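This report covers the empty spaces and the nonpolar packing of one protein chain. The sequence and structure come next, followed by the pockets, the cavities and the cores.

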Amino acid sequence: MKINENYLKLGENYLFAEIAKRVKAHKAANPDKEIIRLGIGDVTLPLVPTVVEALKKAGGEMGAKETFRGYDDEQGYAFLKEAVAAYYAAKNVALNIGEIFIGDGAKSDLSNITDIFGTDNTALIPNPVYPVYADTNLMNGRKIVYARASKENGFLPLPDSAVKADIIYLCSPNNPTGAVYDAADLKLWVDYALKNDAVILFDAAYECFVSDEALPTSIFQIEGAKECAIEFCSLSKTAGFTGVRCGYTVVPEALARGGVKLNALWRRRQATKFNGVSYIVQRGAEAVFSPAGMVEIRKNIAYYMDNANVISRALTARGAYHTGGKNSPYIWFECFGGLESWEFFDRLLTSCGVVGTPGAGFGDTGKNFFRLTAFNSRENTLKAVQKLAEFKA
Ligand code: PLP
């Protein structure tokens with residue numbers, strides 16, 4: 001028997017474990033000092049009332065003989081796919097419900113989608129970015145090339161015609177940089193993908209934070225994208241579903257490679273390896289898209305975005321280069337005093353009690369950068385920015 005040796009090529013999954021270790025040591029040495037966590041990538045506000053009501057009601061239905069549900073369509077209930085289609089229609093993107101797949105969140109689908117692509121394809125992955133894309137392709141033994149994001153390109157790398165790639169990961173708004181592609185830049189990627197017979201895997205997990213109406217919130221708002229892209233989205237950040245688990249993936253009918261429709265391949269993959277999201281959760285997700293649900297979740301999103309603005313303003317006041325904070329809950333800034341990100345992490349923790357995430361954890365291009373998030377309370381965010389203002393590099 002042989003193990004999948006590709007797993008041995010993976011780096012240690014150590015970023016958050018290392019952060020926790022350093023915070024614990026600091027706490028042990030300074031038990032009375034307050035710690036403010038602006039490193040968290042998880043939401044903190046509870047589910048909104050309309051969603052809670054829908055979850056309770058669906059739970060009740062499962063307890064009555066007449067309304068109990070067992071196995072059903074693993075691709076999702078029509079009521080939720082219709083709600084998602086209506087959400088897209090409001091963005092001027094027409095989808096039929098056969099193009100929408102309900103899943104347990106974006107992470108699973110972003111990883112599992114690689115099942116339908118040959119392992120001899122090359123994956124193009126931005127650096128820095130959400131680490132799941134690279135790890136998944138390493139597990140499959142696929143070749144990876146990196147699109148380097150930097151201060152020079154505003155952390156929004158564009159296609160390079162000299163680089164040949166088959167699978168392209170784009171994340172906008174980006175984790176960790178908070179940078180958001182505009183329509184013209186996305187069109188360059190779509191044109192590159194069409195020309196190279198490549199497929200774009202577009203991670204829109206943070207689309208709900210975009211308030212600038214000129215910016216795209218779906219790759220399908222770009223002409224030609226239905227012939228070259230798959231989009232992944234999630235209710236994790238949109239509606240606080242990180243612990244509830246529900247997302248959706250859009251595989252257009254028009255997307256084919258090698259004469260085969262990718263929609264049919266993904267359907268086949270899911271039918272074999274996935275048995276659907278629970279009825280209760282799908283009813284909760286449907287409630288997110290209801291008029292009352294939308295009003296409630298937008299209030300929470302606005303709360304996080306006010307925090308993001310507070311952080312962005314404080315960095316501007318310090319003259320720190322940063323991306324994000326607008327149209328994104330992430331703020332990515334250059335470490336003060338030219339420090340490297342782990343050193344900056346230690347200094348910020350010990351002198352200010354503020355915890356963030358070292359940019360090096362998202363790729364080598366993040367070596368001198370640092371990520372803060374807008375997911376803490378207003379009170380803590382205000383305290384943290386005060387400390388940032390006082391920080392001496
Ligand atoms: N994509 C990005 C860029 C993320 O940052 C995350 C979570 O942090 C996910 C996808 C996964 O989200 P979920 O699996 O909770 O839907």
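How many cavities of 30 Å³ or more does a search of the whole structure find? The search finds 2. The model is a predicted one, and the volumes, linings and contacts below are computed from it.

## Enclosed cavities

The largest cavity has a volume of about 70 Å³. Its lining is made of 13 residues, and those nearest the centre are Thr238, Ala239, Gly240, Asn300 and Tyr304. By class, this lining has 9 nonpolar, 3 polar and 1 charged residues. Domain 1 (5-47 + 293-387) and domain 2 (69-292) each contribute at least three residues to the lining of the largest cavity.

The second largest cavity holds about 60 Å³ of space. Around the second largest cavity are Pro126, Pro128, Ala149, Phe155, Leu156, Pro157, Leu170, Cys171, Asn174, Thr177 and Tyr181. There are no charged residues in this lining, which has 9 nonpolar and 2 polar residues.

## The largest pocket

The volume of the largest pocket is about 1200 Å³. It is lined by 44 residues, and Asn13, Tyr130, Pro131, Val132 and Asp135 are the closest to its centre. The lining divides into 23 nonpolar, 12 polar and 9 charged residues.

Which elements supply at least two residues each to the lining of the largest pocket? They are α1 (15-29), α4 (106-112), β3 (122-127) and α5 (132-139). The largest share of the lining, 6 residues, comes from α5. Both domain 1 (5-47 + 293-387) and domain 2 (69-292) are represented in the lining of the largest pocket, each with at least three residues.

## The second largest pocket

About 550 Å³ is the volume of the second largest pocket. Of its 25 lining residues, Lys91, Glu207, Val210, Thr217 and Arg298 are the closest to the centre. The classes in the lining of the second largest pocket are 15 nonpolar, 5 polar and 5 charged.

Helix α9 (residues 291-317) gives the most to the lining of the second largest pocket, with 6 residues. As for the domains, at least three residues of the lining of the second largest pocket come from each of domain 1 (5-47 + 293-387) and domain 2 (69-292).

## Nonpolar cores

In soluble globular proteins, nonpolar side chains tend to be buried together. In this model the largest nonpolar core has 105 residues, and Ile168, Ile200, Tyr248 and Phe289 have the most contacts inside it. Helix α9 gives the most to this core, with 9 residues. The largest core lies between domain 1 (5-47 + 293-387) and domain 2 (69-292), because both give residues to it.

What does Ile168 touch, not counting residues up to four places away in sequence? The contacts of Ile168 are with Leu124, Trp189, Tyr192, Ala193, Ala198, Val199, Ile200 and Leu201. Ile200, one of these contacts, is also among the residues with the most contacts inside the largest core. Apart from the largest core lies another core, of 23 residues, including Leu110, Ile125, Tyr169 and Leu255.

## Helix α9 and the two domains

Helix α9 gives the most to the lining of the second largest pocket and the most to the largest nonpolar core. Domain 1 and domain 2 each supply at least three residues to the lining of the largest pocket, of the second largest pocket and of the largest cavity. Both domains also give residues to the largest core.

Note on methods. Residues are numbered from 1 along each chain as its sequence is written. This is a predicted model: local features need pLDDT of at least 70, side-chain atom pairs count only at pLDDT 80 or more; totals for chains, interfaces and linings use all residues. Side-chain values use heavy atoms; hydrogens and water are left out. On a 1 Å grid over the protein atoms alone, a cavity is a set of points where a 1.4 Å probe fits but cannot get out, and a pocket is an open set with protein on both sides within 12 Å along at least five of seven lines; lining residues have an atom within 4 Å of a point. Grid points are joined across faces, edges and corners, and a volume is the space filled by probe spheres set on the points. Helices (H or I, at least four residues) and strands (E, at least two) are DSSP runs, numbered from the N terminus. Ala, Val, Leu, Ile, Met, Phe, Trp, Tyr, Cys and Pro count as nonpolar, Asp, Glu, Lys and Arg as charged, and the others, Gly among them, as polar. Domain bounds come from an automatic or database domain assignment. A nonpolar core is a set of buried Ala, Val, Leu, Ile, Met, Phe, Trp, Tyr and Cys residues joined through side-chain atoms within 4.5 Å. Buried means under 20% relative accessible area, exposed over 50%, partly exposed in between (1.4 Å probe, protein chains only). Contact means heavy atoms within 4.5 Å.
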